[in-house]
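Me: I should like to go through this model and ask, for each label, what value stands behind it. Please set the value against the criterion in each reply.

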Amino acid sequence: MKNKLVSDDRGGQIHVVILDSGEEAFAALTRFANEAKITAASVSAIGAFEKAVVGWFDFATKTYRKIEVNQQCEVLSALGDVAVGDDGKASLHIHAVLGLSDGSTRGGHLLAGTVRPTLEVVLTEVPDRLRRKKRADLGIALIDIG
């Protein structure tokens, strides 16, 4: 992973993070957000995975149904945010649309993705703190702005 701070003004910082082949994207981005002490940011990314897992949230079971993509795929769009979770650490929420070789797509909540050859990520940090709290009634953690 390489990263560069490309903007550092009072309104917030913009980080560009480049992931290399073989890196697991969700874990690497979570690690970066924790190391950079990011408490509120939006995330966007493009690139490719050699394999990935996205999820569809099933309200009846309060769990994610895993959708495995066991082939090379393009990350057509990945959008999300960073907030602080119940454990005080960075909590990422990213949705991804993955393009397959036949032009079809798979999408959902990004659970895992092994990068190949790259993932180009922009984190736009704001000078605030967002809090993500577990909602027992829903079975997921959502941003709580008070």
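**The enclosed space and its lining**

Reply: The model is a predicted one. Its largest cavity is lined by Leu29, Val43, Ala45, Phe49, Val75, Ala78, Ile94, Leu110 and Leu119. The space in the largest cavity comes to about 40 Å³.

Me: Why is this space called a cavity and not a pocket?

Reply: The term cavity applies because a 1.4 Å probe fits at its points but cannot get out, whereas a pocket is an open set. The structure holds one cavity of 30 Å³ or more.

Me: What makes the lining of the largest cavity nonpolar, polar or charged?

Reply: Leu, Val, Ala, Phe and Ile count as nonpolar. The lining consists of Leu29, Val43, Ala45, Phe49, Val75, Ala78, Ile94, Leu110 and Leu119, so by that class list it divides into nine nonpolar, no polar and no charged residues. Strand β3 gives the most to this lining, with three residues, and β3, β5 (73-84) and β7 (105-125) each supply at least two.

Me: What is known of the largest pocket, and which residues are the closest to its centre?

Reply: The volume of the largest pocket is about 270 Å³. Of the 14 residues that line this pocket, Tyr64, His93, His109, Ile140 and Ala141 are the closest to its centre. By class the lining has eight nonpolar, five polar and one charged residues. Strand β6 (90-99) gives the most, with four residues; β3 (41-58), β6 and β9 each supply at least two.

Me: Why are β1 and β2 called paired strands?

Reply: Two strands pair if at least two bridges are found between them. Strand β1 (residues 2-9) and strand β2 (residues 12-20) have seven bridges in the antiparallel sense, so the criterion is met. One of the bridges joins Lys2 to Ile18 in β2. The two strands form a hairpin with two residues between them.

Me: How do you know whether the radius of gyration agrees with that of a compact globule?

Reply: For 146 residues, a compact globule would have a radius of gyration near 15 Å; the protein has 15 Å, so the value agrees. The C-alpha trace spans about 45 × 40 × 20 Å along its principal axes. The secondary structure comes to one helix and nine strands, in the pattern β-β-α-β-β-β-β-β-β-β.

Me: Is Gly146 called buried or exposed, and what makes it so?

Reply: Exposed means over 50% relative accessible area. Gly146 has 98%, and is therefore exposed. The residue lies in the segment after β9 (140-143).

Me: What is notable about phi of Lys37 and of Lys62, and how exposed is each residue?

Reply: Phi of Lys37 is near 55 degrees, a positive value in a residue other than glycine; phi of Lys62 is likewise near 55 degrees. Lys37 lies in the loop between α1 (25-35) and β3, and Lys62 in the loop between β3 and β4 (63-69). The relative accessible area of Lys37 is 68%, so Lys37 is exposed. Lys62, at 36%, falls between the 20% and 50% limits and therefore counts as partly exposed.

Me: What makes the peptide bond from Arg116 to Pro117 cis?

Reply: Its omega is near 0 degrees. Pro117 itself is found in strand β7.

Methods: Residues numbered from 1 in each chain as written. Predicted model: local features only at pLDDT ≥ 70, side-chain atom pairs only at ≥ 80, totals over all residues. Heavy atoms only, no water. Buried < 20%, exposed > 50% of the residue type's maximum accessible area, 1.4 Å probe, protein only. 1 Å grid on protein atoms, 1.4 Å probe; cavity = no way out; pocket = protein on both sides within 12 Å on 5 of 7 lines; lining within 4 Å. Points joined across faces, edges and corners; volume = space filled by probe spheres on them. Rg over C-alpha atoms; globule rule 2.2 N^0.38 Å.
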